[in-house]
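Subject: Handover of a structure and its findings

Dear colleague,

Please find below the structure that I am passing on to you. My notes on what was found in it follow directly after.

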Amino acid sequence: QDWVDWYEPALYRAIPGARYVQIQSKGFFAVKFTKEHSITEFFHIDRDTMLTPYETARAASGNITASFSCGKSLVTQADQPGSLEPRAEGCGAIEFLSARHEALVSMIVPPTFTD
């Protein structure tokens with residue numbers, strides 16, 4: 001933990017323009033695009049969840065995936081090249097399904113994808 005306290009600030013200094021650095025948790029990001037802006041949210045999976053078998057972690061969350069949490073939400077305005085700022089509203093712009101939907105799962109797969 002001590003090394004994180006000095007390493008993350010060092011990364012901000014070493015990477016000009018960095019808006020979010022988080023090295024302690026693993027996770028993923030999702031992007032939502034509109035004509036006006038794009039929003040990127042960074043999601044983290046805690047260590048205990050990562051060490052739990054997938055089926056157990058998914059069952060514990062009560063959703064179709066294991067639990068995760070949003071660490072940061074950033075927005076880029078389409079009419080402002082280079083803009084990338086934290087969203088004033090924080091996380092929550094990107095929502096995930098909590099149950100499987102038949103219409104989304106039963107998509108037509110082109111024959112060339114089945115080989």
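Where does Q22 lie? Q22 is found in the loop between α1 and β1. With a relative accessibility of 27%, Q22 counts as partly exposed. In sequence, Q22 and G71 are 49 residues apart, while in space their C-alpha atoms are 8.5 Å apart.

Please bear in mind that this is a predicted model.

Overall layout

The protein chain contains four helices and four strands. Read from the N terminus, the order of the elements is α-β-β-α-α-β-β-α. Of the 115 residues in the protein chain, 20% are buried.

Salt bridges

Side chains of opposite charge can pair when their charged atoms come close. How many salt bridges does a search of the whole structure find? The search finds four.

One of them joins the side chains of E85 and R19, with an N to O distance of 3.4 Å. E85 belongs to strand β4 (residues 85–86), whereas R19 sits in the loop between α1 (2–14) and β1 (26–33), so this pair ties together parts that are 66 residues apart in sequence. Both partners are partly exposed: E85 has a relative accessible area of 41%, and R19 has a relative accessibility of 30%. The loop that holds R19 is also the place of Q22, between α1 and β1.

A salt bridge is also formed by the side chains of E55 and R58, at 3.1 Å from N to O. These two residues are three residues apart in helix α3 (residues 54–61), so about one helical turn separates them. R58 counts as partly exposed, at 24% relative accessibility.

The side chains of R87 and E89 meet in a further salt bridge, at 3.4 Å from N to O. Is each partner buried or exposed? R87 counts as buried, with 16% relative accessibility, while E89 counts as exposed, with 60%. The cut-off explains the first assignment: R87 is called buried because its 16% falls under the 20% limit. This pair also belongs to a wider arrangement, in which E41, R87 and E89 are linked in a network of salt bridges.

The largest pocket

What is the volume of the largest pocket? The volume is about 190 Å³. Its lining consists of F28, S61, N63, I64, T65, A66, S67, F68, F96, L97 and S98. By residue class, this lining divides into six nonpolar and five polar residues, with no charged ones. Among the lining residues is S61, and residue 61 is where helix α3 (residues 54–61) ends. F28, another of the lining residues, falls within the range of β1 (26–33).

A nonpolar patch on the surface

Which residues make the nonpolar surface patch? W3, W6, Y7 and I23 make this patch, and its area is about 430 Å². W6 has its place in helix α1. With a relative accessible area of 54%, W6 is exposed.

When you view the model, you may wish to begin with the loop between α1 and β1, where Q22 lies, and then turn to the salt bridge between E85 and R19. The network of E41, R87 and E89 and the lining of the largest pocket could follow.

With kind regards

Conventions. Residues numbered from 1 in each chain as written. Predicted model: local features only at pLDDT ≥ 70, side-chain atom pairs only at ≥ 80, totals over all residues. Heavy atoms only, no water. Buried < 20%, exposed > 50% of the residue type's maximum accessible area, 1.4 Å probe, protein only. 1 Å grid on protein atoms, 1.4 Å probe; cavity = no way out; pocket = protein on both sides within 12 Å on 5 of 7 lines; lining within 4 Å. Points joined across faces, edges and corners; volume = space filled by probe spheres on them. Nonpolar A, V, L, I, M, F, W, Y, C, P; charged D, E, K, R; others polar. Patch = residues over 30% accessible without salt bridge, like charges linked within 9 Å, V, L, I, M, F, W, Y side chains within 5 Å. Areas by Shrake-Rupley, 256 points an atom, 1.4 Å probe, with all protein chains shown as cover.
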